[in-house]
Amino acid sequence: MGNFIDFNTARKLQEMQSQQNKITELFSIKYPIIQAGMIWHSGWRLASAVSNCGGLGLIGAGSMYPDVLRENIQKCKQATDKPFGVNVPMLYPNLDEVIQIILEEGVKIVFTSAGNPKTYTETLQKEGLKVAHVVSSTKFAMKCEDAGVDAIVAEGFEAGGHNGRDETTTFCLIPNVRKHISKPLIAAGGIALGSQMKAAMILGADGVQIGSRFAATLEASAHENWKKKITELHEGDTHLTLKELAPVRMVKNKFFNELEEIYNVGRNKESLIASLGRARAKRGMFEGDMEEGELEIGQVSALIDEVLPVETVFRNLLQEFEDAKMPNF
Ligand SMILES: Cc1cc2nc3c(=O)[nH]c(=O)nc-3n(C[C@H](O)[C@H](O)[C@H](O)COP(=O)(O)O)c2cc1C
């Protein structure tokens, strides 16, 4: 990523770095841009590419068997000498084994999500790791602060993947979390452009976590059908569903319509579980079945019209960040 230095924005960005941003300092990275952990997308290729660009790449442990996670961590260490981390959604099995592998492999940063921040924070910090936890409300952000996490990711309702039930948007969530916590704060949900990143930072975030935009990159491990589909989505094509189980934003395809029908006949939890139990997320995002599979993506997909290399996404983000100015009024 040496050519970033020649880029127009380099001087301004260096100023940004020299201001000792809380996130760049905490994770020893160059830019306060975190690539979200994403099931079926964020293996070692994506994580190392982002880290090599000066952001923080996260391997998504959620869709990996323990031995696959270990292999991804080892390959990531070979592919980058920059910091990277692992995202551990606490919804999935084998959690203790996953944490053990993270410790054995010498990972330095963990982002936990979908669970209690108290469960692993102290254990990991005692071993010298930095821990961030993902929340979707100010109430839970305050719980994270009590649990002693090093950083908090506040994720708005726009975001792809699992989300909160309250439907609080990033625009409303970030200032409120900022008002109540003093820990380093990372905004997530609806950020794919540098202007959106700047807006989030003006609202009080110290950095951003980006999922959907990195899902449609060459380095993401998702199926090509799915990456192409992301570039064709429009406003209104995604919806937050499964609020009774684990709320998740997904594309309104045949599978989504089946879920809606189940709702219409009386919100039968067992049918929902049976329907999801058939590995629908893998079928959609990893195996490329655009109708029968579960397709998780954020509202911001409407702004994504090309599958790009990570390096280009990064360059665009930095340029747009620099270009974003207040209009006169
Ligand atoms: C395909 C997909 C898979 C995701 N998987 C996970 C996951 O495994 N763990 C997690 O904490 N968040 C997951 N998320 C949420 C992201 O980590 C991130 O917070 C979110 O994508 C940010 O919003 P954006 O999509 O608008 O950028 C996922 C999001 C997407 C789009």
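In this predicted model, Ile152 is placed opposite Leu185 of strand 8, and the pairing to which these residues belong joins strand 6 (residues 151-155) to strand 8 (residues 185-188) in the parallel sense over 4 bridges. Further along this pairing, Val153 has Ile186 of strand 8 as its bridge partner. Apart from residues up to four places away in sequence, Ile152 touches His133, Val135, Ala141, Cys144, Glu145, Ile181, Lys183, Pro184, Leu185 and Ile186, so that Leu185, the residue opposite Ile152, and Ile186, the bridge partner of Val153, are both among the contacts of Ile152. The side chains of strand 8 are divided between two directions, with Leu185 and Ala187 pointing one way and Ile186 and Ala188 the other, and all of these residues are buried.

The pairing of strands 6 and 8 is part of an open sheet of 8 strands, arranged in the order 1-9-8-6-5-4-3-2 and paired in parallel. Its edges are formed by strand 1 (33-35) and strand 2 (57-60), each of which pairs on one side only. From one strand to the next, the twist averages 25 degrees. Strand 8 also runs parallel to strand 9 (residues 207-210), to which it is joined by 3 bridges, and Val208 in strand 9 is the bridge partner of Ala187. Between these two strands the chain passes through helix 9 (residues 194-202), in a β-α-β crossover that is right-handed.

Two helices may be described together with strand 6. Helix 8 (residues 170-180) lies across strand 6 and strand 8, and its direction is at about 170 degrees to that of strand 8. Strand 6 and strand 8 are paired over 4 bridges, and helix 7 (residues 138-147) packs on the sheet with contacts to strand 5 (130-135) and strand 6, its direction making about 160 degrees with that of strand 5. Thr138 belongs to helix 7 and is buried, with a relative accessible area of 12%. Beyond its neighbours within four places in sequence, Thr138 is in contact with Leu173, Asn176, Val177 and His180. With one of these residues, Asn176, the contact includes a polar one, between the side chain of Thr138 and the side chain of Asn176, at 3.3 Å.

On the other side of strand 6 in the strand order lies strand 5, in which Ala132 is found. Ala132 has a relative accessibility of 0% and therefore counts as buried. Its contacts, leaving aside neighbours within four places in sequence, are with Val110, Phe111, Thr112 and Ala151. Ala132 and Asp150 are separated by 18 residues in sequence, while their C-alpha atoms are 5.6 Å apart in space. Thr112, one of the residues in contact with Ala132, is located in strand 4 (residues 109-113) and is likewise counted as buried, at 3% relative accessibility. With neighbours within four places again set aside, Thr112 is in contact with Val88, Met90, Val131, Ala132, His133 and Val134. The side chains of Thr112 and His133 make a polar contact at 2.7 Å. By C-alpha position, Thr112 lies 24 Å from Gly284, a residue 172 places away in sequence.

In soluble globular proteins, nonpolar side chains tend to be buried together. In the present model, the largest nonpolar core comprises 53 residues, and those with the most contacts inside this core are Ile33, Ile152, Phe214, Trp226, Val310 and Phe314. Helix 15 (residues 310-323) makes the greatest contribution to this core, supplying 6 residues. A second core, separate from the largest one, contains 22 residues, among them Ile59, Ala61, Ile102 and Val131.

Positive phi values in residues other than glycine were also examined. Ala114, which is not a glycine, has a positive phi of about 55 degrees; this residue occupies the loop between strand 4 and helix 6 (118-126) and is partly exposed, with a relative accessible area of 42%. Leu242 has a phi near 55 degrees, again a positive value in a residue other than glycine, and is found in the loop between strand 10 (238-241) and strand 11 (248-251). Leu242 has a relative accessibility of 2% and, because this is under 20%, counts as buried.

Definitions and conventions
Residues are numbered from 1 along each chain as its sequence is written. This is a predicted model: local features need pLDDT of at least 70, side-chain atom pairs count only at pLDDT 80 or more; totals for chains, interfaces and linings use all residues. Side-chain values use heavy atoms; hydrogens and water are left out. Two strands pair if DSSP finds at least two bridges between them. Axes are lines fitted to C-alpha atoms, for helices over the stretch in contact, and angles run from 0 to 180 degrees between N-to-C directions. Contact means heavy atoms within 4.5 Å. Buried means under 20% relative accessible area, exposed over 50%, partly exposed in between (1.4 Å probe, protein chains only). A polar contact is a pair of N or O atoms within 3.5 Å; within protein, one must be able to donate a hydrogen and the other to accept it, and residues adjacent in sequence count only if both atoms are side-chain atoms. A crossover is right-handed if, with the strands pointing away from the viewer, the path from the first strand over the helix to the second runs clockwise. A nonpolar core is a set of buried Ala, Val, Leu, Ile, Met, Phe, Trp, Tyr and Cys residues joined through side-chain atoms within 4.5 Å.
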